[in-house]
Amino acid sequence: MNTETLGTWSVLLKQELSAPYFEHLTARVDAARQETEVYPPTGREFFALEKTQPQAVRVVILGQDPYHEPGQAMGLAFSVAKGIALPPSLRNIYQELQNDLGIPTAKHGDLTVWAEQGVLLLNTVLTVEKGKANSHAAWGWQQLTDAVISATNALPQPVAFVLWGTQAQKKAALVRTQAPRLLLSAPHPSPLSSYRGFFGSKPFSKINTFLRENGEPPINWELPL
């Protein structure tokens, strides 16, 4: 796994990236790729960090782990490339977006434009074996993503943290209030849990209200064709 494209994140995460556990994690993922299908593709493990540098972060949307079906995972939590059928979790996110802000469901699932506006689309675990959800959960990714959340929390700008699902909510304790912070938690948008409180949580309007109140422009959640 290549960390040379992390930009400023490589400075903030220097201690983690040089730690023995990270070296072991890297070797384990590389070895797994030789034996089975691992998602996202090689070189996309850190795409979320690459696309949304620390100084740009205004929102963190935290999920569990990458999609585990072929062609889906692209390195941004909940996002899939254009031309890939919308996964159920993303369909539910779009439904909540429409209910919350009246934005119609996009015809594709590429959320890159959110990342480019400062929405860090991060999973708690950054790789997964084909067809086996959460299969890399105990490999060491949690320690790294804990460090990402802590580093983000230490940034000076207002940041909204959105924790979807049990694994993401475990990181709530890492969010403090030195700078303006918004902490939203809800069930995962998966069909298995979305009706337990994800629907009706109105995260998108709450995020934009928070950003406006703290002198930041709102996120344009509407996706281009």
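Trp 114 sits among a good number of partners in this predicted model. Beyond its neighbours within four places in sequence, Trp 114 is in contact with Ile 93, Leu 97, Val 119, Leu 121, Phe 204, Asn 220, Trp 221 and Leu 223. One of those partners, Trp 221, shares a distinction with Trp 114: of the 74 residues that make up the largest nonpolar core, these two touch the most other members.

Turning to Phe 198, this residue belongs to the loop that runs between strand S6 (181-186) and helix H9 (203-213). Despite its place in a loop, Phe 198 counts as buried because its relative accessible area is 0%, against a cut-off of 20%. Setting aside residues up to four places away in sequence, Phe 198 touches Asn 92, Ile 93, Glu 96, Trp 164, Ala 186, Pro 187, His 188 and Pro 189. Ile 93 is thus a contact of Phe 198 and also of Trp 114. As for His 188, 10 residues of sequence and 6.7 Å of space, C-alpha to C-alpha, lie between it and Phe 198.

His 188 turns up again in the largest pocket, where it is one of the residues nearest the centre, along with Gln 64, Asp 65, Ser 89 and Ser 190. The volume of this pocket comes to about 650 Å³, and 39 residues line it. By type, the lining splits into 20 nonpolar, 15 polar and 4 charged residues. Helix H5 (88-101), strand S3 (119-123) and helix H8 (166-169) each put at least two residues into that lining.

Following strand S3 onward leads to Thr 127, in the loop between S3 and strand S4 (128-129). Thr 127 is buried too, with a relative accessible area of 0%. Its side chain makes two polar contacts worth a look: one with the side chain of His 136 at 2.7 Å, and another with the side chain of Trp 141 at 2.8 Å. Beyond four places in sequence, the contacts of Thr 127 also include Val 29, Arg 33, Val 38, Tyr 39, Pro 40, Glu 45 and Pro 66.

Phe 161, by contrast with these loop residues, is found in strand S5 (residues 159-164). Phe 161 is buried as well, at 0% relative accessibility. Apart from residues up to four places away in sequence, Phe 161 touches Val 60, Ile 149, Thr 152, Asn 153, Val 175, Arg 181, Leu 182, Leu 183 and Leu 184. Glu 96, a contact of Phe 198, is 65 residues from Phe 161 in sequence and 17 Å from it in space, C-alpha to C-alpha.

Terms used. Residues numbered from 1 in each chain as written. Predicted model: local features only at pLDDT ≥ 70, side-chain atom pairs only at ≥ 80, totals over all residues. Heavy atoms only, no water. 1 Å grid on protein atoms, 1.4 Å probe; cavity = no way out; pocket = protein on both sides within 12 Å on 5 of 7 lines; lining within 4 Å. Points joined across faces, edges and corners; volume = space filled by probe spheres on them. Helix = DSSP H or I, 4+ residues; strand = E, 2+ residues; numbered from the N terminus. Nonpolar A, V, L, I, M, F, W, Y, C, P; charged D, E, K, R; others polar. Buried < 20%, exposed > 50% of the residue type's maximum accessible area, 1.4 Å probe, protein only. Polar contact = N/O pair within 3.5 Å; in protein donor to acceptor, adjacent residues only side chain to side chain. Contact = heavy atoms within 4.5 Å. Core = buried A, V, L, I, M, F, W, Y, C linked by side-chain atoms within 4.5 Å.
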